[in-house]
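Please open the model in your viewer and keep a selection panel at hand, as this tour moves from one selection to the next.

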Amino acid sequence: MAVLAAQKKPLRDHEKHREMDQILDITEDMEKEIENALGPGPQEEILSSRFKLLITRGDIQTLKNGQWLNDEVINFYMNLLVERNENQGYPALHVFSTFFYPKLKHSGYSSVKRWTRGINLFEKELILVPIHQRLHWSLVVIDLRKQSIAYFDSIGQTGKSICETIFQYLQNESKTRRNIELDPLEWKQYSMASEEIPLQMNGSDCGMFTCKYADYIARDQPVTFSQQHMPTFRKRMVWEILHSQLL
């Protein structure tokens, strides 16, 4: 099977999109459930709870087309990625909360030192850090296998200072937890070029792109989606959060 798969011709763009559309099928029953969650009702009504997080109807409704995702939705989804990786044999993954980076940036290492109590970050393969700055979401990917820190931004901005802040955090964490100093020369820090990754074509999907970068990267998959998939991804994410289960 593997040999046959390797001999397949590369898919043309329209074939790739057709294959993606088949993967992204949403059943009628799912559609009804999604519409109900996105429809009218008390904004504070709790629709899902897990990972010590409560997701209200108001939170879920940030997944409507054209809305900006909030911290609660992103943190819940990232926890689903960690659980999926543990259960399905994907790379050992740690994801920091959306509240981690602002705390680190403004208050320094000592303010987040306890966030990894009971966790050895250096036993992980991938660490993801969602970044929220001035109404925009982006993602830092730490690959401990490659000793790299990469910045993914769906409007093509660079994140040199963000990567430097994250490396300094890793340096402090390594010294504190293992008494080992990281060699900066052995670590690559870079921002993904805009031609290397899918970019958003509107002003509202940065949170979705951040979540889907995370999803694909956590599985060591190339990021092959595009803006056109976002409405379906939003619907699927509603269902996934309601059921605490990734499709």
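**A buried tyrosine and its surroundings**

Begin with Tyr169, which in this predicted model is buried, with a relative accessible area of 2%. Next add Tyr109 to the selection; Tyr109 is likewise on the buried side of the 20% cut-off, its relative accessible area being 14%.

The structure holds 13 aromatic pairs in total. One of them is formed by Tyr109 and Tyr169, whose rings lie 5.7 Å apart centre to centre with 50 degrees between their planes, an arrangement that counts as tilted. If you now colour by secondary structure, you will find Tyr109 in helix α7 (residues 109-112) and Tyr169 in helix α8 (residues 160-178), so that the pair, with its members 60 residues apart, links distant parts of the chain.

**An aromatic cluster with charges over its rings**

Select Phe152, Phe209, Tyr213, Tyr216, Phe225 and Phe233 together, since these residues form one aromatic cluster. Then show the side chain of Lys212, whose charged end sits over the ring of Phe233 at 4.4 Å from the ring centre. Moving on to Tyr216, display Arg219 as well: the charged end of Arg219 sits over the ring of Tyr216, 4.9 Å from its centre.

**The annotated region**

Finally, select residues 53-217, the range that an unreviewed UniProt entry annotates as "domain: Ubiquitin-like protease family profile". Over this range the chain is 39% helix and 19% strand, and a distance drawn between the end C-alpha atoms should read 24 Å.

Key:
Residues are numbered from 1 along each chain as its sequence is written. This is a predicted model: local features need pLDDT of at least 70, side-chain atom pairs count only at pLDDT 80 or more; totals for chains, interfaces and linings use all residues. Side-chain values use heavy atoms; hydrogens and water are left out. UniProt positions are given in the numbering used here, feature names are shortened, and annotations may be inferred rather than shown by experiment. Helices (H or I, at least four residues) and strands (E, at least two) are DSSP runs, numbered from the N terminus. Rings of Phe, Tyr and Trp (its six-membered ring) pair if their centres lie within 6.5 Å; planes under 30 degrees apart count as stacked, over 60 as edge-to-face and the rest as tilted. Buried means under 20% relative accessible area, exposed over 50%, partly exposed in between (1.4 Å probe, protein chains only). A charge sits over a ring if NZ of Lys or CZ of Arg is within 6 Å of the ring centre and within 35 degrees of the ring normal.
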